[in-house]
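Biologist: Could you take a close look at one part of this model for me, the nonpolar core, and then tell me how the rest sits alongside?

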Amino acid sequence: MRLLLTYITLSASLQAAELPPTSVIFTKITLSNKYVSEGASAADIDADGHTDLIAGHLWWKGPQFDQSYSYAPIKDFPIEGPGLEGYSTNFFCFPTHITKDQWPEVLHVGLPGSNAKLYINPGRAPFSHSNEDKTCRHETVQSHVCNESPQLQNVLKAEKPQLLSYHQNSISLATPSAHQSSDWNILKISPSHNRLAKYSHGLGCGDINGDSLPDILEKSGWWEQPKNWDKKTPWTFHPYPFAPGKGGSQMYAYDIDGDGDNDVITALDAHGYGLSWYEQTRNQQDQIDFKAHTIMTDQASDNPFSVCFSQLHAMGCADIDGDGIKDIVTGKCYFAHNGKDPGAHDPAVLYWFRTTRNPDGSVLFLPYLIDSNSGVGRQITCADVNADGKMDIITSSKKGVFLFIQN
């Protein structure tokens, strides 16, 4: 039996397609080897014309990124522990212009069910230039932020972006108030339902029906934004099992196959396996439908290049190779459940999947390994941090905080 298993494994590996070479190469920069945050972002914090990096209560000054400053007390979190002890209280950081000056604020979201806080950038001396135990001015802007992939998006095409999340078992959009940093106004786009719970997985937005209005994506379907919404009436729900199990992470609407309508990209299980894209089609009633296309499962043999990893708890969608077509960036969330998830002890990989459109209309995703000892947390940021015209990647996880500069 052992010989048979060995033969099957070797046969499967020999059948793997050869990955075409790529000119995309990244240099890894370790900003911190401490577990400070599950998410990282980028913005010009000090308004000096250079992009800076943010993770947790720290920011690294660009363009060298060799000097960090804090704007609230810093805590290094344990990688594992009982209950919630092995989790950072910093999950997501969203830099944004809320006040009317040139310095961006940072919106923080922590563990599911915690409050979203807006840290007010003081300006000329941006945040703190030391790592002293002090906190800059901040305000709670939304209580009880739920779902494990909240996002700051301009879903309503308003002057300021909105915080997309779940709140009290409904999908909600929190909009900045007239007073800017006080409690934001919470608009519910869905009725209350127990599946829209605290630790739900999978969330995103994008225009599905081609009316130029962003719709909301979640693991069980999409919510159609009404024209001239009265900010009270629930949006129309169109059920579709994008992730029929637990649900993944950030979801994206993008025209994967280049046929003029937006498709859907999602992980299937943030704590297990699976990555798919859903081609937008039409059913016999000429209504929007989807056709599922598998990218990865829990078996390496299901991927043309024998790539398989678990815990895709963060995902980005950006044009990595500069060909004008967006690609997928994702990886393994190391010890997302303290080592109790499938594949938990496998390497903490980070990949980009090149979207390759074939002449026959089909699409192939080419998986290129970026790193095998960093992975992802809950939030990936893709941005051109050194202004060279190439997309870079910032991640933060239980492995540390990392910048991947594209050469």
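**Inside the core**

Modeller: Let's start with Phe-353: leaving aside neighbours within four places in sequence, Phe-353 is in contact with Leu-275, Ile-295, Met-296, Phe-309, Asp-327, Ile-328, Thr-330, Phe-365, Leu-366 and Pro-367. Bear in mind that this is a predicted model. Phe-353 belongs to the largest nonpolar core, a set of 39 residues, and together with Ile-393 has the most contacts inside that core. Strands E18 (263-267), E19 (275-282), E20 (288-296), E21, E22, E23, E24 (363-371) and E27 (400-406) each put at least two residues into this core. The top contributor is E24, with five residues. Apart from this core lies another one, of 19 residues, including Phe-92, Phe-94, Ile-98 and Ile-120. As a general point, nonpolar side chains in soluble globular proteins tend to be buried together.

Two of those core strands also frame a loop: Asp-341 sits between strand E22 (327-331) and strand E23 (350-357). Asp-341 counts as buried because its relative accessible area is 11%, under the 20% cut-off. Not counting residues up to four places away in sequence, Asp-341 touches His-271, Gln-311 and Ala-336. There's also a polar contact, at 3.1 Å, between the side chains of Asp-341 and His-337. For a sense of scale, the C-alpha atoms of Asp-341 and Lys-157 are 38 Å apart, with the two positions 184 residues apart along the chain.

Now for the empty space. The largest pocket has a volume of about 540 Å³. Its lining takes in 25 residues, and Gln-151, Leu-152, Gln-153, Tyr-252 and Ile-380 lie nearest the centre. By class, that lining splits into 16 nonpolar, eight polar and one charged. At least two lining residues come from each of strands E6 (92-96), E9 (138-153), E17 (250-254), E21 (315-318) and E25 (381-383). E17 gives the most to the pocket lining, with five residues. E21 turns up here as a supplier of the pocket lining, and E21 supplies the largest core too.

As for enclosed space, the count comes to one cavity of 30 Å³ or more. The largest cavity holds about 40 Å³. Lining that cavity are Tyr-166, Arg-195, Leu-196, Ser-200, His-201, Glu-218, Lys-219 and Ser-220. Sorted by class, the cavity lining comes out as two nonpolar, three polar and three charged residues.

Terms used:
Residues numbered from 1 in each chain as written. Predicted model: local features only at pLDDT ≥ 70, side-chain atom pairs only at ≥ 80, totals over all residues. Heavy atoms only, no water. 1 Å grid on protein atoms, 1.4 Å probe; cavity = no way out; pocket = protein on both sides within 12 Å on 5 of 7 lines; lining within 4 Å. Points joined across faces, edges and corners; volume = space filled by probe spheres on them. Helix = DSSP H or I, 4+ residues; strand = E, 2+ residues; numbered from the N terminus. Nonpolar A, V, L, I, M, F, W, Y, C, P; charged D, E, K, R; others polar. Buried < 20%, exposed > 50% of the residue type's maximum accessible area, 1.4 Å probe, protein only. Contact = heavy atoms within 4.5 Å. Polar contact = N/O pair within 3.5 Å; in protein donor to acceptor, adjacent residues only side chain to side chain. Core = buried A, V, L, I, M, F, W, Y, C linked by side-chain atoms within 4.5 Å.
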